[in-house]
Amino acid sequence: MFHYTYDGSFEGLLTVVFEAYERKAWPTTIEPEHLAQPSMFGETVQVTTDEEKANRVWQGLKKRLSASALESLYYTYLWEQSGFERLIFDYARLVFDSPESVEGNYTAPFILQVQQIHKQVHREKHRMEAFVRFQKTADGLYYASIAPDFNVLPLIVRHFEKRYADQRWAIYDSSRRYGAYYDLQHTAFVQLENPALSPKQQGRLQTDQFDENETRYQMLWQVYFDHVNIPERKNPKLHLRHIPKRYWKYLSEKQPRLL
Amino acid sequence: MNDKIIGKLKILADAAKYDVSCSSSGGKRKNENKGLGNAEGMGICHSYTEDGRCVSLLKILLTNFCIYDCAYCVTRKSNDVQRAAFTVQEVVDLTINFYRRNYIEGLFLSSGIFKDADYTMERLVRVARKLRQEEKFNGYIHLKTIPGASEELIKEAGLYADRLSVNIELPSEQSLQSLAPEKNYAEILMPMDSIKNQLVQAKEEVKLFKAAPKFAPAGQSTQLIVGATSESDRQILQLSDQLYKGYSLKRVYYSGYVPVSTDSRLSIITEPPIIRENRIYQADWLMRFYGFDVKEILDEANPNLDLDIDPKLGWALRNRHFFPLEINTADYEMILRVPGIGVKSAKKIVSARRFAPLHFDHLRQMGVVLKRAKYFITCQTKSLQRQDFDSEQLRRRILFGEGSVRSALLTQQLDLFRKVG
């Protein structure tokens, strides 16, 4: 029995794949170092992230997989639900050990599962692209806070870079406590913890930080939202299927009326 | 706080909402000038109204003053409603500020006809021009084309807009004559034809010069009102079919008529025909993505869609001789025709069966919905259904479950009472 630990990074996880092949010692468990519990049975292998090794594994996968399958593996990493490391490992091993392409073989359980995870993460990414609501601050920054089910912030940055090339913006993931900040040239990932605030207020803008027109446009948006509705066609079930309640906290049109 | 804008927004959003199109997809406009916005690829619904419709664009009328008196329209001249008009700058400001906050993908601008067609169209074009040229806006713009507007104006509109649309609204010339006496088919079809020709021409030019100006890259669409007049589903879908083929429309939208008035020219209805509208959309999808011909969906003997079952199931029940289908060997085109199996499931099936013969368990794990499909397919010659049913029995089992026939009949009767009451 082999228990692998790594630093929690994607490169670290790819290094685990490399080391396991090198030792021909297949992992029983793969865990991030800070979560790993000492085990009475079996051997613990502490893997140090090595960019070169990680890259060799990635290139190997690249030769055997399409861009969309590679994306699925990265999405599985961002999925962050229990067991994702094992899933990525098993998938990679199947790819390396099969003489022919395994892509699209939905009769193999973890290929199907990775495909389903891809769909879940992709949907959350798309929702964040839709439901992010920027608030303009007095110094001209457009700021939004999110708390997505999966770690999709790295996936949505490009979309917002392309769209808002001429405005400074920041998106903060309040549950993972990091954000992306675009300064008109580049986007950087930043930590912006404010020790003076309680965890619930963390990453939230206060109204006194707003641009003078911010409240007005939030209100106009609420007015528009209410008047584009056709009451005769009311369909709460369909409404909720499209915007489940857990997303309402982002949406200015779902907040108490300003008017 | 500028109360005037609030008032205008209320009136002009209210007046625009019966236009159901809200699509923002299919554009190819990139942000190449370090400007604002980007309209390539996938559309995004930024919110959903309480009636479950996508909110993707700021959809407003420039004005609801109108010289026409179309019976179905809330904006008609004789209707006693508040009137308002935006200035060009007000629309530009709303669009830009909503867009910067990620509320919308862009603007859908329509208008009542004031003075004449050209005067109105020129105003719409002016908004789009200002957004593109002064604000460097690359987001999505959908402009309504006013029937009767000059060809030059339509051409200019197409340079700024991603999509153009002309609404036909009434599915037959006869209805148009009685409900919208100032309009006629020829006048509506003319701009559609002109847009089609421009689209073709622009495509030819892009082949020659890559930098040739794009013309409405997301194509054109139209809308038909369902339930305000007496046309059958067959008439409506035949018209759509002709529009898709003859004018290469991207979309025909169907708007279940919401009784916005008590105009004596209209048939009396109390509720919008939402189920009928839904069935027509399903049939439209069958024509566009599932390889069905309109003649297969409806014919003289069946001029209207069955409201209780989807049109694909309806077709399958009338064409039992094609089934059961062996999932492991059937053509992709035929798998698409199995009730309950959509494009995604069909693709997964075709992909997975290259590796191993498929069982029903595989299908279930892949997320294929078997509720209806199980009556029409076999997996390695095995069927989930032991008995043979005739089409009528099948219909009942799918609608009312596999329980007793008695409870099924009862539900049906209660349903009838509900409909009458």
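## A loop residue in chain A

Leu184(A) has 11 C-beta neighbours inside 10 Å, so it counts as exposed (buried takes 20 or more other C-beta atoms within 10 Å of a residue's own, exposed 12 or fewer, and partly exposed is what lies in between, with C-beta atoms placed from the backbone). Leu184(A) sits in the loop that links β7 (178-182) and β8 (187-190) of chain A. Its phi is near 85°, which is positive although the residue is not glycine. For background, most residues other than glycine have a negative phi, and most peptide bonds are trans.

This is a predicted model, where local features need pLDDT of at least 70 and side-chain atom pairs count only at pLDDT 80 or more, while totals for chains, interfaces and linings use all residues. Residues are numbered from 1 along each chain as its sequence is written, and chains are lettered from A and ligands numbered from 1 in the order in which they are written.

## Chain A overall

Chain A comes with eight helices and eight strands (DSSP runs numbered from the N terminus: H or I of at least four residues for helices, E of at least two for strands). Along the principal axes, its C-alpha atoms fill a box of roughly 65 × 45 × 40 Å. Of the 259 residues in chain A, 33% are buried.

Now for the contacts (C-beta atoms, placed from the backbone, within 7 Å). Take the contacts in chain A between residues at least 6 apart in sequence: 69% of them join residues at least 24 apart.

## Two helix pairs

In chain A, helix α1 (residues 10-23) packs on helix α4 (residues 84-97) at an angle of about 50°, and the axes are 10 Å apart (axes are lines fitted to C-alpha atoms, for helices over the stretch in contact, with angles from 0 to 180 degrees between N-to-C directions). That is why α1(A) and α4(A) are oblique to each other; under 35 degrees would be roughly parallel, over 145 roughly antiparallel, 65 to 115 roughly perpendicular, and the rest is oblique. The crossing of α1(A) and α4(A) is right-handed (near helix turned clockwise from the far one by less than a right angle; anticlockwise is left-handed). On the α1(A) side the contact uses Leu13(A), Val16(A) and Val17(A), and on the α4(A) side Glu85(A), Ile88(A), Phe89(A) and Ala92(A). By class, that gives six nonpolar, no polar and one charged (nonpolar: Ala, Val, Leu, Ile, Met, Phe, Trp, Tyr, Cys and Pro; charged: Asp, Glu, Lys and Arg; polar: the others, Gly among them).

Chain B has a pair of its own to look at: the axes of α2 (residues 88-100) and α3 (residues 117-134) of chain B come within 10 Å and cross at roughly 45°. That angle makes α2(B) oblique to α3(B), and the crossing of α2(B) and α3(B) is right-handed. Val88(B), Val91(B), Val92(B) and Thr95(B) of α2(B) meet Arg123(B), Arg126(B), Val127(B), Lys130(B) and Leu131(B) of α3(B). Here the split is five nonpolar, one polar and three charged.

## Where the chains meet

The contact between the chains draws 39 residues from chain A and 44 residues from chain B. On the chain A side, α5 (109-131), α6 (153-163), α7 (214-227) and α8 (236-242) each put in at least two residues. The largest share there, eight residues, is from α7(A). Sorted by class, the side of chain A that touches chain B has 20 nonpolar, nine polar and ten charged residues.

## A one-sided helix in chain B

Helix α12 (residues 343-352) of chain B has Ala346(B), Lys348(B), Ile349(B) and Ala352(B) as its buried residues. They cover an arc of only 160° around the axis, so they lie on the same side of α12(B) (the arc is that of the directions from the helix axis to the C-beta atoms). These buried residues of α12(B) pack against α11 (332-335) and α13 (360-366) of chain B.

## Odd spots in chain B

Phe323(B) to Pro324(B) is a cis peptide bond, with omega near -5°. Pro324(B) belongs to the loop between α10 (311-318) and β11 (325-326) of chain B. Gln380(B) has a positive phi, near 50°, without being glycine. Gln380(B) is in the loop between β12 (377-378) and α15 of chain B and is exposed, with 12 other C-beta atoms within 10 Å.

Phe292(B) falls in the loop between α8 (274-289) and α9 (294-297) of chain B. Its 18 C-beta neighbours inside 10 Å make Phe292(B) partly exposed. From C-alpha to C-alpha, Phe292(B) and Leu336(B) are 9.9 Å apart, with their positions 44 residues apart in sequence.

Technical notes. Two residues are in contact if their C-beta atoms, placed from the backbone, lie within 7 Å.
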